[in-house]
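Student: Hi! Could you help me look through this one? I'd like to chat about the metal sites.

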Amino acid sequence: MPWKQRIRLKSAAELDKMAASGRALAEVFRAVPALVRAGATTRDLDAAIERMIRDAGCMPSFKGYNGFPAASCISINEEVVHGIPSDRQLCDGDIVGVDVGLIKDGYHSDSAETFPVGEIDEEAERLLQVTRECLERAIAQVRSGNRISDIGVAVETHARAQGFSVVETLVGHGIGREMHEDPQVPNYRSYSTPDPVMEPGLVIAIEPMINAGVKRVVTAEDQWTVRTADGRLSAHFEHTVAVTADGPWVLTRR
Ligand code: MG
Ligand code: MG
């Protein structure tokens, strides 16, 4: 796909709408931990998420996106992202990545979080912690004058120092009236994508995907689910973040 660098900066009025969209999505996520329990199917979880989105007067942006059949992507253990909700039941010791997008008043928000199911082992615990820290370190780089690459450097440096690897085939993105806008936001030091300077009005979805083992991933036969090539665990955290004159504004903060 040819790269088109077409960043759409948002006005103050648009940022207010994006903030409202982000708040609605944060509300959905607040309810998720109580739904993540052993025995629940990922379809149950997705149905509850879709109901909350619609009850809030919003639209689930993933449903129908390139034919995706659900309101959320739910990815368990070695699944990195884009898992399709199904009859699979969550088990004690699983980690479950929940990625949700919605549209409110014409504006998208996009967020993800990886949750523990019951008691998880030490490596899983550390992976969740480090991936969450990668996202926070990335957010700390969001300020006018910094470059998009500062985000990837922050994520990659922290993940590698902890012995983990960064998925490179999927990246974060600009967001606004469309779910995926320019620029691409890699979670690693990239030499192949344009490296714009951040300025107020830029809104991006930052979404590190961190693997316990190798960085290589494969796509499953369902053409959606992305898994680690070595079958080891993966975690994913995402926030929609606006650049302001005062620094980062995390629109999907819970
Ligand atoms: Mg997402
Ligand atoms: Mg995203």
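Student: How are the donor residues of the magnesium ion (ligand 1) spaced in sequence?

Tutor: The pattern is D-x10-D-x127-E. Keep in mind that this is a predicted model.

Student: Okay, and which protein donors are those?

Tutor: They are D99 (OD), listed twice, plus D110 (OD) and E238 (OE), and they lie 2.0 to 2.7 Å from the magnesium ion (ligand 1).

Student: Where do D99 and E238 lie?

Tutor: D99 is in strand β4 (residues 95-104), while E238 is in the loop between β13 and β14, so the pair ties together parts that are 139 residues apart in sequence.

Student: Are those two buried or exposed?

Tutor: Both D99 and E238 are buried.

Student: Switching over: what coordinates the magnesium ion (ligand 2)?

Tutor: Four residues do that job: D110 (OD), H173 (NE2), E207 (OE) and E238 (OE), at 2.1 to 2.2 Å. Along the chain, their spacing reads D-x62-H-x33-E-x30-E.

Student: And where do D110 and E238 lie?

Tutor: D110 belongs to strand β5 (residues 107-116), and E238 sits in the loop between β13 (234-236) and β14 (239-244), so this pair ties together parts that are 128 residues apart in sequence. D110 is buried, and so is E238.

Student: Last one! How far apart are the magnesium ion (ligand 1) and the magnesium ion (ligand 2), and which residue coordinates both?

Tutor: They are 3.2 Å apart, and D110 coordinates both. In other words, D110 bridges the two ions.

Notes
Residues are numbered from 1 along each chain as its sequence is written. Chains are lettered from A and ligands numbered from 1 in the order in which they are written. This is a predicted model: local features need pLDDT of at least 70, side-chain atom pairs count only at pLDDT 80 or more; totals for chains, interfaces and linings use all residues. Side-chain values use heavy atoms; hydrogens and water are left out. Donors are N, O and S atoms within 2.8 Å of the metal (3.2 Å for Na, K and Ca); water is not among the atoms, so sites may look incomplete. Helices (H or I, at least four residues) and strands (E, at least two) are DSSP runs, numbered from the N terminus. Buried means under 20% relative accessible area, exposed over 50%, partly exposed in between (1.4 Å probe, protein chains only).
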